[in-house]
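Got the viewer open? Load the model, switch to cartoon view, and let's walk through it one selection at a time.

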Amino acid sequence: MTTATVTRWALQIDRGPDWLFVRPQPPAGQQHLEVDLADSVYQVLEEHLTHRLVLDLEEIGLLRSWMIGQLMLLHKRIGSRGGVLRICNLSPENEETIHICQLQSQLPNYPSRLAAVTGVPTKPR
């Protein structure tokens, strides 16, 4: 596992066969810090020569609008290169936020990294 930093946010990076796993970690008590997450994560993908990403959002306490915008930007960028973005480990509250924004088809949540890689969906709503 490697770690990169993005304006005080840490990105834990793991490499698997054909996939890159990234877990953004905001600084303690400072999740409100808006960062250019999409560009930073996309740069990591380019460095690892892959466009298949599992974004583990377990440490995101509250999914704010700027973060949703960053996720959509990353989704579009990866998709334009024929890649895949899957997210996992959203809290139930954050999963509901994605549902309210009607983005569950673009940003489906998977219960684990393994489920995201295999494409096994979450339990039905």
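Select strand β5 (residues 84-88) and strand β6 (residues 109-110): the two run parallel, joined by two bridges. (Strands pair if DSSP finds at least two bridges between them; helices, H or I with at least four residues, and strands, E with at least two, are DSSP runs numbered from the N terminus.) Click Ile 87 and you'll find its bridge partner in β6, Asn 109.

A word on the ground rules: this is a predicted model, where local features need pLDDT of at least 70, side-chain atom pairs count only at pLDDT 80 or more, and totals for chains, interfaces and linings use all residues. Residues are numbered from 1 along each chain as its sequence is written, and side-chain values use heavy atoms, with hydrogens and water left out.

Now add helix α3 (residues 92-100): β5, α3 and β6 form a right-handed β-α-β unit. Right-handed means that, with the strands pointing away from you, the path from the first strand over the helix to the second runs clockwise.

Next, colour strand β4 (residues 52-56). It pairs with β5 in the parallel sense over five bridges, and Arg 52 sits opposite Val 84 of β5. Bring in helix α2 (residues 65-80) and you have another right-handed β-α-β unit, made of β4, α2 and β5.

How well covered is β5? Four of its five residues are buried, that is, under 20% relative accessible area (over 50% is exposed, in between is partly exposed; 1.4 Å probe, protein chains only). Cys 88 is buried, at 0%, whereas Cys 101 is partly exposed at 38%. Don't go hunting for disulfides (cysteine sulfur atoms within 2.5 Å): a search of the whole structure finds zero.

Stay on α2 and show side chains. Its buried residues include Trp 66, Leu 71 and Ile 78, and the buried set packs against β2 (9-16), α1 (37-47), β4, β5 and α3. Just after the helix comes Gly 82, with a positive phi near 80°.

Finish inside. A nonpolar core is a set of buried Ala, Val, Leu, Ile, Met, Phe, Trp, Tyr and Cys residues joined through side-chain atoms within 4.5 Å. The largest one has 30 residues, and Leu 53, Leu 55 and Leu 74 have the most contacts inside it. α2 gives the most to this core, seven residues. Centre on Leu 53: leaving aside neighbours within four places in sequence, its contacts (heavy atoms within 4.5 Å) include Trp 19, Val 41, Leu 74 and Leu 85. A second, separate core of seven residues includes Phe 21, Val 54, Cys 88 and Ala 115.
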